[in-house]
Amino acid sequence: MKITCYYSDHSDMGYILLKPRLEDQVDEFESSKNEITHHLQPEQITIPYVTDEVVSPYLDLMTIAANTFEEDYEVGYDTEYGNDMDDEGYISGIELTLYHDRFIDLVKNQVFKVIRTEWRNREFHLITFDYADEVFKPENVIYKLTDEEDAFVIVQLIEPKTLGYQYTDENDQKRAVALFRGLISARDDIYPLEYLLKPQFLLRKDEGYLQIEKRLWCSPSDKHIWNAISLEHRNSLLNSINCDQCSANFDMLDCTFDMKSTNSFIARLYCKRCKHRFVKVVEWD
Ligand SMILES: [Zn+2]
(Lines give C-alpha, C1' and ligand atoms only; values in the text may rest on other atoms or scores of the structure.)
Protein backbone atom coordinates (compact mmCIF):
# COMPACT_ATOMS: atom_id res chain seq x y z
CA MET A 1 0.00 0.00 0.00
CA LYS A 2 1.35 3.37 -0.93
CA ILE A 3 1.18 6.08 1.70
CA THR A 4 2.77 9.44 1.05
CA CYS A 5 3.51 12.28 3.39
CA TYR A 6 4.63 15.58 1.92
CA TYR A 7 5.62 18.08 4.53
CA SER A 8 6.69 21.69 4.53
CA ASP A 9 6.93 24.57 6.96
CA HIS A 10 3.22 25.32 6.69
CA SER A 11 1.45 22.03 6.05
CA ASP A 12 1.81 18.29 6.28
CA MET A 13 -0.32 16.33 3.85
CA GLY A 14 -0.82 12.61 3.63
CA TYR A 15 -2.36 10.38 1.01
CA ILE A 16 -3.30 6.73 1.41
CA LEU A 17 -3.68 4.96 -1.90
CA LEU A 18 -5.97 1.98 -1.23
CA LYS A 19 -5.90 0.31 -4.60
CA PRO A 20 -3.01 -0.05 -7.00
CA ARG A 21 -2.69 2.38 -9.85
CA LEU A 22 0.00 1.79 -12.40
CA GLU A 23 1.01 5.43 -12.62
CA ASP A 24 1.35 5.60 -8.83
CA GLN A 25 4.12 3.10 -8.45
CA VAL A 26 7.09 4.59 -6.66
CA ASP A 27 9.67 5.38 -9.32
CA GLU A 28 13.41 5.77 -8.93
CA PHE A 29 13.22 9.51 -8.72
CA GLU A 30 10.68 9.36 -5.89
CA SER A 31 12.75 6.72 -4.08
CA SER A 32 15.83 8.90 -4.29
CA LYS A 33 13.89 11.71 -2.58
CA ASN A 34 12.35 9.42 0.04
CA GLU A 35 13.40 10.41 3.56
CA ILE A 36 11.73 7.56 5.48
CA THR A 37 14.97 5.55 5.44
CA HIS A 38 16.73 8.46 7.20
CA HIS A 39 14.50 7.73 10.18
CA LEU A 40 13.92 3.98 10.08
CA GLN A 41 15.80 0.79 9.36
CA PRO A 42 14.64 -1.07 6.24
CA GLU A 43 13.38 -3.99 8.37
CA GLN A 44 11.09 -1.62 10.28
CA ILE A 45 9.33 -0.69 7.06
CA THR A 46 6.76 -3.44 6.74
CA ILE A 47 3.01 -4.05 6.70
CA PRO A 48 2.27 -7.07 8.93
CA TYR A 49 -0.37 -9.61 8.00
CA VAL A 50 -2.16 -10.77 11.15
CA THR A 51 -4.32 -13.88 10.98
CA ASP A 52 -4.90 -14.93 14.57
CA GLU A 53 -6.47 -11.82 16.07
CA VAL A 54 -10.19 -11.90 16.86
CA VAL A 55 -11.53 -8.46 16.05
CA SER A 56 -15.15 -9.03 15.02
CA PRO A 57 -16.56 -8.58 18.57
CA TYR A 58 -15.07 -5.08 18.54
CA LEU A 59 -16.60 -4.36 15.15
CA ASP A 60 -19.98 -5.55 16.47
CA LEU A 61 -19.87 -2.90 19.19
CA MET A 62 -19.72 -0.08 16.66
CA THR A 63 -22.67 1.61 15.00
CA ILE A 64 -23.28 0.53 11.43
CA ALA A 65 -24.61 3.46 9.43
CA ALA A 66 -27.76 2.85 7.43
CA ASN A 67 -26.56 4.78 4.39
CA THR A 68 -23.51 4.19 2.25
CA PHE A 69 -20.48 6.34 2.89
CA GLU A 70 -21.10 8.24 -0.33
CA GLU A 71 -24.76 8.94 0.49
CA ASP A 72 -23.96 10.36 3.90
CA TYR A 73 -21.24 12.73 2.72
CA GLU A 74 -22.15 16.29 3.78
CA VAL A 75 -25.27 14.87 5.43
CA GLY A 76 -23.96 12.83 8.36
CA TYR A 77 -20.35 13.96 8.20
CA ASP A 78 -17.70 15.99 6.42
CA THR A 79 -14.22 14.85 5.51
CA GLU A 80 -10.94 16.67 5.98
CA TYR A 81 -10.25 16.82 2.25
CA GLY A 82 -11.61 15.22 -0.86
CA ASN A 83 -11.46 11.45 -1.18
CA ASP A 84 -11.10 9.60 -4.43
CA MET A 85 -13.91 7.18 -5.13
CA ASP A 86 -14.86 5.12 -8.16
CA ASP A 87 -18.30 5.28 -9.82
CA GLU A 88 -19.68 2.55 -7.58
CA GLY A 89 -18.55 4.16 -4.32
CA TYR A 90 -15.38 2.18 -3.56
CA ILE A 91 -12.77 4.53 -2.14
CA SER A 92 -9.47 4.48 -3.97
CA GLY A 93 -7.57 7.11 -2.03
CA ILE A 94 -7.79 9.17 1.12
CA GLU A 95 -6.26 12.60 1.56
CA LEU A 96 -5.57 13.52 5.18
CA THR A 97 -3.57 15.71 7.51
CA LEU A 98 -0.56 13.60 8.39
CA TYR A 99 2.19 15.23 10.41
CA HIS A 100 5.53 13.86 9.31
CA ASP A 101 6.69 12.94 12.82
CA ARG A 102 3.40 11.09 13.34
CA PHE A 103 3.83 9.29 10.02
CA ILE A 104 7.31 8.12 11.08
CA ASP A 105 5.87 6.99 14.42
CA LEU A 106 3.00 5.09 12.76
CA VAL A 107 5.35 3.29 10.37
CA LYS A 108 7.87 2.54 13.10
CA ASN A 109 5.16 0.95 15.25
CA GLN A 110 3.67 -0.96 12.31
CA VAL A 111 0.29 0.60 12.78
CA PHE A 112 -0.53 0.02 9.11
CA LYS A 113 -1.40 -3.66 9.09
CA VAL A 114 -3.80 -6.13 7.53
CA ILE A 115 -5.87 -8.34 9.81
CA ARG A 116 -7.71 -11.35 8.41
CA THR A 117 -11.03 -11.71 10.19
CA GLU A 118 -14.34 -13.53 10.10
CA TRP A 119 -17.17 -11.08 10.41
CA ARG A 120 -20.86 -11.51 9.53
CA ASN A 121 -20.05 -15.09 8.43
CA ARG A 122 -17.63 -13.89 5.83
CA GLU A 123 -13.89 -13.49 5.47
CA PHE A 124 -12.68 -9.91 5.43
CA HIS A 125 -9.38 -8.09 5.51
CA LEU A 126 -9.26 -5.19 7.93
CA ILE A 127 -6.61 -2.61 7.11
CA THR A 128 -5.80 -0.32 10.04
CA PHE A 129 -4.63 3.29 9.68
CA ASP A 130 -4.14 4.02 13.37
CA TYR A 131 -3.36 2.39 16.69
CA ALA A 132 -5.75 -0.37 17.78
CA ASP A 133 -7.31 1.70 20.58
CA GLU A 134 -8.33 4.31 18.00
CA VAL A 135 -9.50 1.82 15.38
CA PHE A 136 -11.62 -0.24 17.79
CA LYS A 137 -13.31 2.54 19.74
CA PRO A 138 -16.93 1.42 20.30
CA GLU A 139 -18.16 4.91 19.34
CA ASN A 140 -16.62 4.64 15.88
CA VAL A 141 -19.00 4.24 12.95
CA ILE A 142 -18.84 1.65 10.18
CA TYR A 143 -20.02 2.72 6.75
CA LYS A 144 -20.67 0.34 3.90
CA LEU A 145 -19.13 1.64 0.68
CA THR A 146 -21.89 0.17 -1.50
CA ASP A 147 -25.11 -1.79 -0.97
CA GLU A 148 -23.16 -4.95 -1.82
CA GLU A 149 -21.84 -4.73 1.77
CA ASP A 150 -18.51 -6.23 0.71
CA ALA A 151 -16.35 -3.27 1.73
CA PHE A 152 -16.65 -0.84 4.62
CA VAL A 153 -14.76 1.99 6.27
CA ILE A 154 -14.35 2.59 9.98
CA VAL A 155 -14.47 6.28 10.80
CA GLN A 156 -14.18 8.28 13.95
CA LEU A 157 -16.53 11.26 13.97
CA ILE A 158 -14.87 14.29 15.51
CA GLU A 159 -16.35 17.67 16.35
CA PRO A 160 -14.92 20.23 13.93
CA LYS A 161 -13.86 22.59 16.67
CA THR A 162 -11.62 19.88 18.16
CA LEU A 163 -9.70 19.99 14.89
CA GLY A 164 -9.59 23.78 14.97
CA TYR A 165 -11.99 24.16 12.03
CA GLN A 166 -13.93 27.36 11.67
CA TYR A 167 -16.85 27.51 9.28
CA THR A 168 -18.71 30.62 8.23
CA ASP A 169 -21.97 28.64 8.12
CA GLU A 170 -23.13 27.55 11.55
CA ASN A 171 -24.81 24.41 10.23
CA ASP A 172 -21.50 23.21 8.83
CA GLN A 173 -19.92 23.79 12.21
CA LYS A 174 -22.28 21.20 13.71
CA ARG A 175 -21.37 18.46 11.25
CA ALA A 176 -18.75 15.99 12.45
CA VAL A 177 -15.55 15.36 10.53
CA ALA A 178 -14.93 11.72 9.65
CA LEU A 179 -11.38 10.55 10.25
CA PHE A 180 -10.50 7.22 8.65
CA ARG A 181 -9.41 4.50 11.05
CA GLY A 182 -9.76 1.39 8.92
CA LEU A 183 -10.97 -0.30 5.77
CA ILE A 184 -12.79 -3.64 5.85
CA SER A 185 -12.78 -5.45 2.55
CA ALA A 186 -13.90 -8.74 1.06
CA ARG A 187 -13.00 -7.43 -2.41
CA ASP A 188 -9.58 -8.78 -3.18
CA ASP A 189 -10.12 -7.75 -6.80
CA ILE A 190 -10.42 -4.07 -5.83
CA TYR A 191 -8.13 -4.07 -2.80
CA PRO A 192 -5.65 -6.89 -3.53
CA LEU A 193 -3.85 -8.35 -0.54
CA GLU A 194 -0.57 -8.41 -2.41
CA TYR A 195 -0.78 -4.65 -2.96
CA LEU A 196 -1.92 -3.92 0.60
CA LEU A 197 1.02 -5.80 2.09
CA LYS A 198 3.68 -4.13 -0.03
CA PRO A 199 4.97 -1.14 1.94
CA GLN A 200 5.52 1.94 -0.21
CA PHE A 201 5.91 4.64 2.40
CA LEU A 202 7.09 7.90 0.99
CA LEU A 203 8.18 10.82 3.12
CA ARG A 204 9.27 13.88 1.28
CA LYS A 205 9.82 17.52 1.96
CA ASP A 206 7.58 19.52 -0.30
CA GLU A 207 9.92 21.92 -2.03
CA GLY A 208 7.06 24.16 -2.96
CA TYR A 209 6.88 24.06 -6.73
CA LEU A 210 6.08 27.34 -8.40
CA GLN A 211 4.12 27.71 -11.56
CA ILE A 212 6.52 29.55 -13.83
CA GLU A 213 4.62 29.37 -17.07
CA LYS A 214 1.33 27.99 -18.22
CA ARG A 215 1.43 24.19 -17.47
CA LEU A 216 4.99 24.39 -16.11
CA TRP A 217 6.13 24.02 -12.48
CA CYS A 218 9.53 23.91 -10.80
CA SER A 219 11.28 24.77 -7.53
CA PRO A 220 12.37 28.37 -6.88
CA SER A 221 16.06 27.45 -7.22
CA ASP A 222 15.50 25.65 -10.53
CA LYS A 223 13.63 28.65 -11.87
CA HIS A 224 16.90 30.62 -12.02
CA ILE A 225 18.72 27.88 -13.91
CA TRP A 226 15.79 27.50 -16.28
CA ASN A 227 15.53 31.22 -16.98
CA ALA A 228 19.23 31.35 -17.83
CA ILE A 229 18.46 29.22 -20.91
CA SER A 230 17.37 31.21 -23.96
CA LEU A 231 13.63 31.38 -24.54
CA GLU A 232 13.99 29.80 -27.95
CA HIS A 233 15.95 26.86 -26.54
CA ARG A 234 13.49 26.42 -23.64
CA ASN A 235 10.59 26.22 -26.04
CA SER A 236 12.34 23.73 -28.28
CA LEU A 237 13.14 21.51 -25.25
CA LEU A 238 9.54 21.52 -24.10
CA ASN A 239 8.21 20.98 -27.59
CA SER A 240 10.40 17.89 -27.92
CA ILE A 241 8.15 16.19 -25.32
CA ASN A 242 5.11 14.26 -26.48
CA CYS A 243 2.74 12.02 -24.56
CA ASP A 244 4.16 8.51 -24.30
CA GLN A 245 0.77 6.98 -24.78
CA CYS A 246 -1.28 9.11 -27.19
CA SER A 247 1.46 11.28 -28.74
CA ALA A 248 -0.30 14.49 -27.71
CA ASN A 249 2.03 17.46 -27.99
CA PHE A 250 3.23 19.61 -25.12
CA ASP A 251 0.12 21.82 -25.20
CA MET A 252 -1.81 18.92 -23.64
CA LEU A 253 0.72 18.17 -20.88
CA ASP A 254 1.18 19.43 -17.34
CA CYS A 255 4.87 19.42 -16.53
CA THR A 256 6.72 19.60 -13.21
CA PHE A 257 10.48 19.43 -13.60
CA ASP A 258 13.58 19.20 -11.47
CA MET A 259 16.93 20.21 -12.90
CA LYS A 260 19.36 17.27 -12.79
CA SER A 261 22.29 19.39 -13.95
CA THR A 262 22.68 22.64 -15.89
CA ASN A 263 21.96 20.74 -19.10
CA SER A 264 19.36 18.18 -18.12
CA PHE A 265 16.07 17.97 -16.28
CA ILE A 266 13.68 15.29 -15.18
CA ALA A 267 10.06 16.05 -16.01
CA ARG A 268 7.00 14.48 -14.45
CA LEU A 269 4.24 14.78 -16.95
CA TYR A 270 0.51 14.41 -16.96
CA CYS A 271 -1.42 14.17 -20.23
CA LYS A 272 -4.77 15.90 -20.02
CA ARG A 273 -5.98 14.12 -23.14
CA CYS A 274 -5.46 10.47 -22.13
CA LYS A 275 -4.77 10.98 -18.36
CA HIS A 276 -1.43 9.21 -18.65
CA ARG A 277 1.35 10.00 -16.18
CA PHE A 278 4.95 9.53 -17.21
CA VAL A 279 8.46 10.72 -16.52
CA LYS A 280 10.99 12.01 -19.06
CA VAL A 281 14.60 12.99 -18.73
CA VAL A 282 15.56 15.72 -21.19
CA GLU A 283 19.23 16.38 -21.90
CA TRP A 284 21.04 18.75 -24.22
CA ASP A 285 24.61 19.79 -25.08
ZN1 LIG B 1 -1.73 11.24 -23.79
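Thr51 sits in the loop between strand E3 (49–50) and helix H3 (56–61). Helices (H or I, at least four residues) and strands (E, at least two) are DSSP runs, numbered from the N terminus. Thr51 is partly exposed, at a relative accessible area of 44%. On this scale buried means under 20% relative accessible area, exposed means over 50%, and partly exposed lies in between (1.4 Å probe, protein chains only). Thr51 and Tyr191 are 140 residues apart along the chain, and 17 Å separates their C-alpha atoms.

This is a predicted model: local features need pLDDT of at least 70, side-chain atom pairs count only at pLDDT 80 or more, and totals for chains, interfaces and linings use all residues. Residues are numbered from 1 along each chain as its sequence is written, and side-chain values use heavy atoms, with hydrogens and water left out.

**The whole chain**

The secondary structure comes to ten helices and 18 strands. Along the principal axes, the C-alpha atoms fill a box of roughly 65 × 45 × 35 Å. The chain has 285 residues, and 47% of them count as buried. Contact means heavy atoms within 4.5 Å. Take the contacts between residues at least 6 apart in sequence: 64% of these join residues at least 24 apart.

**Asn34 and Asp150**

Asn34 is found in the loop between helix H1 (28–33) and helix H2 (36–39). Asn34 is buried, with a relative accessible area of 13%. Leu203 is 169 residues away along the chain, yet the C-alpha atoms of Asn34 and Leu203 are separated by 5.4 Å. Setting aside residues up to four places away in sequence, Asn34 touches Phe201, Leu202 and Leu203.

Asp150 also belongs to a loop, the one between strand E10 (141–144) and strand E11 (151–158). Asp150 counts as buried because its relative accessibility is 5%. Beyond its neighbours within four places in sequence, Asp150 is in contact with several residues, among them Tyr90, Arg122, Phe124 and Ile184. Arg187 is another residue in contact with Asp150.

The table lists polar contacts of these two side chains. A polar contact is a pair of N or O atoms within 3.5 Å; within protein, one must be able to donate a hydrogen and the other to accept it, and residues adjacent in sequence count only if both atoms are side-chain atoms.

| Side chain | Partner | Distance |
|---|---|---|
| Asn34 | backbone nitrogen of Ile36 | 3.2 Å |
| Asn34 | backbone oxygen of Phe201 | 2.8 Å |
| Asp150 | side chain of Arg187 | 3.0 Å |

**Two domains**

The chain is divided into domain 1 (2–203) and domain 2 (208–283). These bounds come from an automatic or database domain assignment. The C-alpha centres of the two domains lie 33 Å apart. Four residues from domain 1 and five residues from domain 2 take part in the contact.

The size of an interface is often given as the accessible area lost when the parts come together. Domain 1 and domain 2 bury about 440 Å² between them, with 57% of it on carbon and sulfur atoms. Buried area is the accessible area (1.4 Å probe) that two parts lose on being put together, summed over both. On the side of domain 1 that touches domain 2 there are one nonpolar, no polar and three charged residues. Here Ala, Val, Leu, Ile, Met, Phe, Trp, Tyr, Cys and Pro count as nonpolar, Asp, Glu, Lys and Arg as charged, and the others, Gly among them, as polar.

How many salt bridges cross the interface of domain 1 and domain 2? The rule finds zero. A salt bridge is a side-chain nitrogen of Lys or Arg within 4 Å of a carboxyl oxygen of Asp or Glu. Residue pairs in polar contact between the domains (both at pLDDT 80 or more) also number zero.
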